[in-house]
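Trainee: I should like to examine the reasoning behind each label given to this model. May we set every value against its definition?

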Amino acid sequence: MPKLKTHSGAKKRFNLTKSGKVKRAHAFKSHLLNGHGKDTKRKRGLRAGAYADKTNEPAIKRMIPYK
């Protein structure tokens, strides 16, 4: 059987939960964190992870077959 290639970027960015969902980080998290950027409440909400949309899950799972 041939070896499957994974996408190393996807391997770093996504995780599979035990229930089979794809977990990802929030977008727009690292820009304008100090001063006149995002307020503390908004930054706190961006800390937690989020789940990928169900329509994108099959494509993401093909990119990370061994996780």
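Mentor: Let us begin with a definition: contact means heavy atoms within 4.5 Å. Leaving aside neighbours within four places in sequence, Ile60 is in contact with Phe14, Val22 and Ala52. This is a predicted model, in which local features need pLDDT of at least 70 and side-chain atom pairs count only at pLDDT 80 or more, while totals for chains, interfaces and linings use all residues. Residues are numbered from 1 along each chain as its sequence is written, and side-chain values use heavy atoms, with hydrogens and water left out.

Trainee: Why is Ile60 called buried?

Mentor: Buried means under 20% relative accessible area, exposed over 50%, and partly exposed in between (1.4 Å probe, protein chains only). Ile60 has 6% relative accessibility, so it counts as buried. Ile60 is found in helix H3; helices (H or I, at least four residues) and strands (E, at least two) are DSSP runs, numbered from the N terminus. The C-alpha atoms of Ile60 and Phe14 are separated by 8.0 Å, although the two are 46 residues apart along the chain.

Trainee: What makes Gly37 partly exposed, and where is Gly37 placed?

Mentor: The relative accessibility of Gly37 is 33%, and therefore Gly37 counts as partly exposed. Its place is in the loop between E2 and H2. From C-alpha to C-alpha, Gly37 and Ile60 are 31 Å apart in space and 23 residues apart in sequence.

Trainee: Are Ala25 and Lys54 exposed or partly exposed?

Mentor: Ala25, in the loop between E2 and H2, has a relative accessible area of 48% and is therefore partly exposed. Lys54, in the loop between strand E3 (50–51) and H3, has 70% and is therefore exposed. Lys54 and Ser30 lie 25 Å apart, C-alpha to C-alpha, with their positions 24 residues apart in sequence.

Trainee: How do you know that Glu57 has no salt bridge?

Mentor: A salt bridge is a side-chain nitrogen of Lys or Arg within 4 Å of a carboxyl oxygen of Asp or Glu. Lys and Arg count as positive and Asp and Glu as negative, whereas His and the chain ends are not counted. For Glu57, which is buried, the nearest side chain of opposite charge is Lys61, at 4.1 Å, and there is no salt bridge. Glu57 is in helix H3 (residues 57–63). Not counting residues up to four places away in sequence, Glu57 touches Gly20, Lys21, Val22 and Ala52.

Trainee: Which side chain of opposite charge is nearest to Lys38?

Mentor: The nearest is Asp39, 8.9 Å away, and Lys38 is buried yet has no salt bridge. Lys38 is in the loop between strand E2 (22–24) and helix H2 (40–47). Beyond neighbours within four places in sequence, the contacts of Lys38 are Phe28, His31, Leu32, Leu33, Lys43 and Leu46.

Trainee: What makes Lys21 lie over the face of Tyr51?

Mentor: A charge sits over a ring if NZ of Lys or CZ of Arg is within 6 Å of the ring centre and within 35 degrees of the ring normal. Lys21 is at 5.2 Å from the ring centre of Tyr51 and lies over its face.
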